[in-house]
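Got your viewer open? Here is a short tour, stop by stop, with something to select at each one.

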Amino acid sequence: MIRNAGRVRCTPVLFLLALVVTAWAGSPRVARAQTGETLQQYWHIPVWVQAGAWQDSTLLFPERCGGRFQGPLPDSVRTQARTLTVRFLRNRRIEARPDFAGYRVYRGVGSPDTSALVLLRRYSLNVGGSPLWNFSLVDTATLEFRCGTVLAYDSVATYVDPDSSGSYQKVCRRTNPAGQCLSRGDSVWKLVAPPGPHDGFRTWYAVTYEAKNLVDNDYTEIFAPDTSGDYARCGTRGDPATCPNLNNKLANMIAEPVEPTVGPTANLLNVSVVPNPFREAERWDRPDGHEIHFINLPSQARIRIYTVAGDLVRELNHNDTVRDFERWDLKNADGRDVVSGIYMYRVEAGSFTAQNRFVVIR
């Protein structure tokens, strides 16, 4: 499902941001930084993320252009496990550029490392690309958002992760049960839904502008050289093509990570461990991600971790009325890293208990 915001009830801060970004000076056909506005500010995309799933009337009418109708559902956020809502401000002047072709939404888990970000969704206007655009279109003469001839009010776009249809990816047309390609050179576009964000793990999001395909169907980001009046930054010859790209993931990333959670639950049958198994070589093993999480916990619980031989490794006390998870740094009571193996855990909350096992692979 493609989500974008309907009539947005902006806070005063969001409204002021919208005025700053959507204003223009001089001829509206010339999309460029205004007087007093830096190139960094011109290319910046304000991004907000909150736990839960945003919903408005586009949930009932997903094919309609958001912002052109008032439906029965109020704008709200519903509680939903392992779900985060990404909202970003559209830029009218950049959308009026001839090289603009859409937006790209990225996600990173455990670290804000831009090289590890995963592309979740492309909202694209490229011909032959992914048909994932049901926003309004900017009128290059007036810089108004319009759905056909009707004025629209969807300057804030909304992506719900992972309550969404995903992104289009080129895959082999025919494969065997093992996933091996049986028709090399014959590929198709397939809508692939991303896995949801893990409950309790620090998660970053970034949004960039997609470039118009001119020669190849490469679906790349717009390259905006950061000349800033100092070509010495752009290689030995001062070539703008070697300048840093102002349209980059780091510049348009949320300032602080978010942690998906559904809040405490009293049902201990839902308690589990993520990731399970924990593999040290995978992305979880970051400087701030060397940990596993016990999720779906009640507000107060005691967690005991044992070896398969029954030796107590660590005891954790969970006391949180907001989050439903507790982190474990994979260290024993003496502060030493635990070794590879199978471990048992027992959760106690009042007179209720639950136990299961998980695996650590070093």
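Start by selecting Arg92, which sits in helix 3 (residues 92-95). Helices here are DSSP runs of H or I with at least four residues, strands are E runs of at least two, and both are numbered from the N terminus. Before going further, note that this is a predicted model: local features need pLDDT of at least 70, side-chain atom pairs count only at pLDDT 80 or more, and totals for chains, interfaces and linings use all residues. Residues are numbered from 1 along each chain as its sequence is written, and side-chain values use heavy atoms, with hydrogens and water left out.

Stay on Arg92 and add Glu144. Arg92 is buried but has no salt bridge, and Glu144, the nearest side chain of opposite charge, is 7.0 Å away. Buried means under 20% relative accessible area, exposed over 50%, and partly exposed in between (1.4 Å probe, protein chains only). A salt bridge needs a side-chain nitrogen of Lys or Arg within 4 Å of a carboxyl oxygen of Asp or Glu; Lys and Arg count as positive, Asp and Glu as negative, while His and the chain ends are not counted. Now show Leu143: its backbone oxygen is 3.0 Å from a polar atom of the Arg92 side chain.

Next, select Phe88 and Tyr103. These two have the most contacts inside the largest nonpolar core, which has 32 residues. Such a core is a set of buried Ala, Val, Leu, Ile, Met, Phe, Trp, Tyr and Cys residues joined through side-chain atoms within 4.5 Å. Strand 13 gives the most to this core, with 6 residues. Leaving aside neighbours within four places in sequence, the contacts of Phe88 (heavy atoms within 4.5 Å) include Trp48, Tyr103, Tyr123 and Val207. For a second, separate core of 22 residues, select Leu316, Trp328, Val338 and Val347, which are among its members.

Move to Gly108 in strand 5. Is Gly108 buried or exposed? Its relative accessibility is 2%, so Gly108 counts as buried. Add Tyr205: the two are 97 residues apart in sequence, yet 6.3 Å apart in space, C-alpha to C-alpha. Outside its neighbours within four places in sequence, Gly108 is in contact with Leu117, Arg202, Thr203 and Trp204.

For the last residue, pick Lys190 in strand 12 (residues 187-192). Lys190 counts as partly exposed because its relative accessibility is 49%. The C-alpha atom of Val171, 19 residues away along the chain, is 6.5 Å from that of Lys190.

Finally, zoom out: the chain has 3 helices and 21 strands, and 45% of its 362 residues count as buried.

How values were computed. A polar contact is a pair of N or O atoms within 3.5 Å; within protein, one must be able to donate a hydrogen and the other to accept it, and residues adjacent in sequence count only if both atoms are side-chain atoms.
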